[in-house]
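Trainee: I would like to go through this model with you and ask, term by term, what the labels rest on. Could we begin with the contacts to the ligand?

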Amino acid sequence: METTVLKLGGGVVTEKDANRRSARVDVLRRLARELRSAREQGAGRIVLVHGAGPFGHSLVAEHGIADGVASPRQVEGFVATHASMRELDELVLGALRAEGLLAVALPPCACLVQERRAVRDFFVEPIERLLALDARIIPVLYGDMVADRALGASVVSGDVLVAELGRRLRARVLLGTDVPGIFTADPKRDPAARPVPRIDRGNLAAVLESVSPAATVDVTRGMRGKLEAIAASLAGLEVLVFDLGEQGALERALLRRPVAGTEILL
Ligand SMILES: Nc1ncnc2c1ncn2[C@@H]1O[C@H](COP(=O)(O)OP(=O)(O)O)[C@@H](O)[C@H]1O
Ligand SMILES: [Mg+2]
């Protein structure tokens, strides 16, 4: 049975554009329905990772903890950021469970250690065992602040988590975000932007050039961070970047039906 690692972008599940710390509960409800429907039609195992939006990025920026945690105020910021992400995570878990989905929280700060912002140890055995116990279980992770051997603590983005999980679980990766894939320029700013249907080793460098870090507050470098995370995992990952805002797209993507977006095969 296939395993899919699914990212729900922070820009989709929160009011990120308005930089308001609130979850889009209606969108979460629809996405949970699509997950349940895909599951009923035979979609395999699912591991879910969600982004942070204003629940993470603005707190990291306010407390000046993007480059490490040392002072008492930074430690307070670390705890405040983690606590804020737990709040968002509970809303995501609640939406999933309301549809009868068996969602289990796996806080990254409890199973992962970084060094200079790079993932070092990631204890994925609980995820593997829960999926083997019952394929209906959906482990849920999220962008978080975690212990860092050199910097005290640092941010691990949802995008890095999906790349790491895709590699470690040999899973397909679905990167759901708020635009229909990767474009030749930011489609929200440049009307001449054209979709890039496929990225492989041949055009990776050229596409990376054209992808800018996000315009919103996103300490994990927006679309560029996603592509960098996928490229860094060097794993022959099969990835689809697609628009979660499009009704039905998540369900179709989980069932391997056609969806507008960018396929990445590196
Ligand atoms: N070349 C590009 N192609 C697609 N999106 C881009 C590009 N350059 C910048 N972006 C921006 O990246 C954003 C997605 O990244 P991000 O804001 O981090 O989303 P998420 O919340 O899903 O992590 C899009 O909303 C888009 O405005
Ligand atoms: Mg992002």
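Trainee: What makes the approach of Ala185 to ligand 1 a polar contact?

Mentor: In this predicted model, a backbone N or O atom of Ala185 lies 3.5 Å from a nitrogen atom of ligand 1. A polar contact is a pair of N or O atoms within 3.5 Å, so the pair is counted as one.

Trainee: Which atoms of Phe183 and Asp178 take part in contacts with ligand 1, and at what distances?

Mentor: For Phe183, a backbone N or O atom lies 2.9 Å from a nitrogen atom of the ligand. For Asp178, an N or O atom of the side chain is 2.7 Å from an oxygen atom of ligand 1. Asp178 is also listed with Gly11, Thr177, Asp218 and Lys226 as the closest of the 23 residues that surround ligand 1.

Trainee: Why is Leu8 called buried?

Mentor: Its relative accessibility is 3%, and buried means under 20%, so Leu8 counts as buried. Leu8 is found in strand S1, residues 3-8, and its C-alpha lies 5.2 Å from that of Gly176, although the two are 168 residues apart in sequence.

Trainee: How do you know that strand S13 is paired with strands S11 and S14?

Mentor: Two strands pair if there are at least two bridges between them. Strand S11, residues 172-177, is joined to S13 by 5 bridges and runs parallel to it, with Leu240 in S13 as the bridge partner of Leu174. S13 and strand S14, residues 261-265, have 5 bridges as well, but in the antiparallel sense, and here Val241 stands opposite Thr262 in S14. Both pairings therefore meet the requirement of at least two bridges.

Trainee: What makes S13 a mostly covered strand?

Mentor: S13 spans residues 238-243, and 5 of its 6 residues are buried.

Trainee: Which parts of the chain line the second largest pocket, and how much space does it hold?

Mentor: About 480 Å³ of space lies in that pocket, and strand S7 (118-122), strand S10 (152-156), helix H6 (158-168) and helix H8 (222-233) each give two or more residues to its lining. The largest share, 5 residues, comes from H8. Of the 20 lining residues, Arg117, Ser157, Val160, Gly225 and Ala229 lie nearest the centre of the pocket.

Trainee: What is the chemical character of the lining of the second largest pocket?

Mentor: The lining divides into 10 nonpolar, 5 polar and 5 charged residues. Gly counts as polar in this scheme, so Gly225, one of the residues nearest the centre, falls in the polar group.

Terms used: Residues are numbered from 1 along each chain as its sequence is written. Chains are lettered from A and ligands numbered from 1 in the order in which they are written. This is a predicted model: local features need pLDDT of at least 70, side-chain atom pairs count only at pLDDT 80 or more; totals for chains, interfaces and linings use all residues. Side-chain values use heavy atoms; hydrogens and water are left out. On a 1 Å grid over the protein atoms alone, a cavity is a set of points where a 1.4 Å probe fits but cannot get out, and a pocket is an open set with protein on both sides within 12 Å along at least five of seven lines; lining residues have an atom within 4 Å of a point. Grid points are joined across faces, edges and corners, and a volume is the space filled by probe spheres set on the points. Helices (H or I, at least four residues) and strands (E, at least two) are DSSP runs, numbered from the N terminus. Buried means under 20% relative accessible area, exposed over 50%, partly exposed in between (1.4 Å probe, protein chains only). A residue is near a molecule or strand if one of its heavy atoms lies within 4 Å of it. A polar contact is a pair of N or O atoms within 3.5 Å; within protein, one must be able to donate a hydrogen and the other to accept it, and residues adjacent in sequence count only if both atoms are side-chain atoms.
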